[in-house]
Amino acid sequence: MGIFDWIKNKETKTEFEKTFADLSRMSSIVPSAGKTFDLLKNLNSETTESQTDYLISEFNKIQYASKTNSTFYFYFPIVTHILYFKPEYEKDILRYLIGPNFANGTTNTEEMISLIQGAMKYKLSEKKEYLTKESQNWIMNILPKLENEVEHEIQKCWKELNE
């Protein structure tokens, strides 16, 4: 009977649960990942500043450590989902997208934006639920307008590298 329950549960997962399955699984090891998952479920444009601050605080506690590509792909759906609803938090979390790609050698603003958009297409071709619709919208429609913010993050990376 256990296998049938697993199949039933697998089929009834929402798009959100499929997108953030890794974050949910990680919660047994990293409690802040579970809190981030729960807070992300309720995130929308009406979420208060204090609720969003709590989300960002829990998100920052995760400290996912791996190769640069794995780190980028772990944070990618989370950051873009948050920024769709709360663009004012760019200065707090955009670094999770820029830093790993800078470490891989992307130092030009236009290339960085193009790389992130290409990463979206690549990951969606592998798994259609990799990003929420909101994340995809942010990447295609908002990110290209953030050249100054992306450049600022790249300059922060250069500064950290030179220190």
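This report describes salt bridges, a helix pair and two loop residues in a predicted model.

## Salt bridges

Six salt bridges are found when the whole structure is searched, and three of them are taken up here, beginning with the one between the side chains of Lys-91 and Asp-92, where the N to O distance is 3.7 Å. The two partners differ in their surroundings, since Lys-91 is exposed at a relative accessible area of 59%, whereas Asp-92 is partly exposed at 27%.

Within helix 9, which covers residues 109-126, Lys-123 and Glu-126 stand three residues apart, about one turn of the helix, and their side chains meet in a salt bridge with an N to O distance of 3.2 Å. Lys-123 counts as buried, with a relative accessibility of 17%, while Glu-126 is partly exposed, its relative accessible area being 46%. In helix 11, residues 147-162, Lys-156 and Glu-153 are likewise three residues apart and so separated by about one helical turn, and these two residues form a salt bridge in which the closest N and O atoms are 3.3 Å apart. Here the lysine, Lys-156, is partly exposed at 30% relative accessibility, and the glutamate, Glu-153, is buried at 4%.

## Helix 8 against helix 11

Helix 8 spans residues 95-103, and its axis comes within 9 Å of the axis of helix 11, the two crossing at roughly 55°. An angle from 35 to 65 degrees falls outside both the roughly parallel and the roughly perpendicular ranges, and helix 8 and helix 11 are therefore oblique to each other. The crossing of helix 8 past helix 11 is right-handed.

On the side of helix 8, the contact is made by Arg-95, Ile-98, Gly-99 and Phe-102, and on the side of helix 11 by Val-150, Glu-153, Ile-154, Cys-157, Trp-158 and Leu-161. By character, the residues of this contact comprise seven nonpolar, one polar and two charged. Glu-153, which takes part in this contact, is also the partner of Lys-156 in the salt bridge described above.

## Burial in helix 8 and the residue after it

The buried residues of helix 8 are Tyr-96, Leu-97, Ile-98, Pro-100, Asn-101 and Phe-102, and among them Ile-98 and Phe-102 also belong to the contact with helix 11. The packing of these buried residues extends to other helices as well, for they lie against helix 5, helix 6, helix 7 (90-93), helix 9, helix 10 (133-142) and helix 11.

Just after helix 8, the backbone at Gly-105 adopts a positive phi of about 110°.

## Two loop residues

Gln-63 is placed in the loop that joins helix 5 (49-61) to helix 6 (68-85), and its phi is near 50°, a positive value in a residue other than glycine. With a relative accessible area of 62%, Gln-63 is exposed.

Asn-44 lies in the loop between helix 4 (31-41) and helix 5, and is partly exposed, with a relative accessible area of 31%. Although Asn-44 and Phe-85 are 41 residues apart along the chain, their C-alpha atoms are separated by 5.6 Å. Once neighbours within four places in sequence are set aside, the contacts of Asn-44 are with Phe-85 and Lys-86.

Key. Residues numbered from 1 in each chain as written. Predicted model: local features only at pLDDT ≥ 70, side-chain atom pairs only at ≥ 80, totals over all residues. Heavy atoms only, no water. Salt bridge = Lys/Arg side-chain N within 4 Å of Asp/Glu carboxyl O. Buried < 20%, exposed > 50% of the residue type's maximum accessible area, 1.4 Å probe, protein only. Helix = DSSP H or I, 4+ residues; strand = E, 2+ residues; numbered from the N terminus. Axes fitted to C-alpha atoms, helices over the stretch in contact; angles between N-to-C directions. Parallel < 35°, antiparallel > 145°, perpendicular 65-115°, else oblique. Left-handed = near helix turned anticlockwise from the far one by under 90°. Contact = heavy atoms within 4.5 Å. Nonpolar A, V, L, I, M, F, W, Y, C, P; charged D, E, K, R; others polar.
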